[in-house]
Amino acid sequence: MLTADAFQDAGFFGNWPQYEDVAAYLQTLGEIERRHPRVLLTAHSAPLTGSEIMRRVQNAREYVAEIEQTILAVVREAGAACSLHDVAERAGRQLGKPYTIQGLITVDAHLRHLADQGLVERTGTAWKAR
């Protein structure tokens, strides 16, 4: 199976995994699992084979959950509304990820996903916990 950038693992080269839609990315992970590929070809790693594929896909799923929980905790701990920049910097420090455009895209995706769940809300250009 050729996934190119559709499979982000825990991010490549120390960066954030990059996706714009959390639910869609989780569906992609589910599709990989459903198809049980013998070989997985990504854009930024050596080919994955055998049980390593499912292990890495599960790790990616768990990392998405960890990112989401970290971002929610950052917004809750802030008390007041905080900008995307602030959330990305704070969450990045906790997760050991740099402040990059990839990080902003991923953090924004998670904030929108959390908003869909009613856990955070956008207030102008900032975010706050509900």
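Asp9, Glu52, Arg55 and Arg56 are linked in a network of salt bridges, in a structure that holds ten salt bridges. The model is a predicted one, and its description below moves from these charged pairs to the nonpolar core, and then to the sheet and a patch on the surface. Arg56 also appears among the residues touched by Phe7, and Phe7 is one of the three residues that touch the most other members of the largest nonpolar core.

**Salt bridges**

- Side chains of opposite charge can pair when their charged atoms come close.
- Within helix H1, Arg34 and Glu31 lie three residues apart, about one turn of the helix, and they form a salt bridge whose closest N and O atoms are 2.6 Å apart.
- Arg34 counts as exposed, at 55% relative accessibility, whereas Glu31 counts as partly exposed, at 29%.
- Another salt bridge brings together the side chains of Arg61 and Glu33, at 2.6 Å from N to O, and this pair links distant parts of the chain, with Arg61 in helix H2 and Glu33 in helix H1, 28 residues apart.
- Both partners of that link count as partly exposed, Arg61 at 25% relative accessibility and Glu33 at 21%.
- Arg130 and Glu121 form a salt bridge in which the closest N and O atoms are 3.6 Å apart; Arg130 is exposed, with a relative accessible area of 61%, while Glu121 is partly exposed, with 25%.

**Nonpolar core**

- The largest nonpolar core has 31 residues, and Phe7, Ile71 and Val87 are the ones that touch the most other members.
- Two or more residues of this core come from each of helix H1 (22-35), helix H2 (51-78), helix H3 (84-95) and helix H4 (101-116), with H2 giving the most, ten residues.
- Leaving aside residues up to four places away in sequence, Phe7 has contacts that include Phe12, Tyr25, Leu29, Ile32, Leu40, Leu48, Val57 and Ala60.

**Sheet and surface patch**

- Three strands form an open sheet in the order E1-E2-E3, with mixed pairing, and its edge strands, E1 (2-4) and E3 (48-49), each pair on one side only.
- E2 and E3 pair in the antiparallel sense over two bridges, and Leu40 stands opposite Leu48 in E3; Leu40 and Leu48 are also both among the contacts of Phe7.
- Leu41 has its place in strand E2 (residues 39-42), and together with Leu2 and Val39 it makes a nonpolar surface patch of about 270 Å².
- Leu41 is partly exposed, with a relative accessible area of 36%.

Definitions and conventions
Residues are numbered from 1 along each chain as its sequence is written. This is a predicted model: local features need pLDDT of at least 70, side-chain atom pairs count only at pLDDT 80 or more; totals for chains, interfaces and linings use all residues. Side-chain values use heavy atoms; hydrogens and water are left out. A nonpolar core is a set of buried Ala, Val, Leu, Ile, Met, Phe, Trp, Tyr and Cys residues joined through side-chain atoms within 4.5 Å. Buried means under 20% relative accessible area, exposed over 50%, partly exposed in between (1.4 Å probe, protein chains only). Helices (H or I, at least four residues) and strands (E, at least two) are DSSP runs, numbered from the N terminus. Contact means heavy atoms within 4.5 Å. Patches are made of residues with over 30% relative accessible area and no salt bridge: like charges are joined within 9 Å, nonpolar side chains (Val, Leu, Ile, Met, Phe, Trp, Tyr) within 5 Å. Accessible areas come from the Shrake-Rupley method with a 1.4 Å probe; for residues, only the protein chains shown count as cover. A salt bridge is a side-chain nitrogen of Lys or Arg within 4 Å of a carboxyl oxygen of Asp or Glu. Two strands pair if DSSP finds at least two bridges between them.
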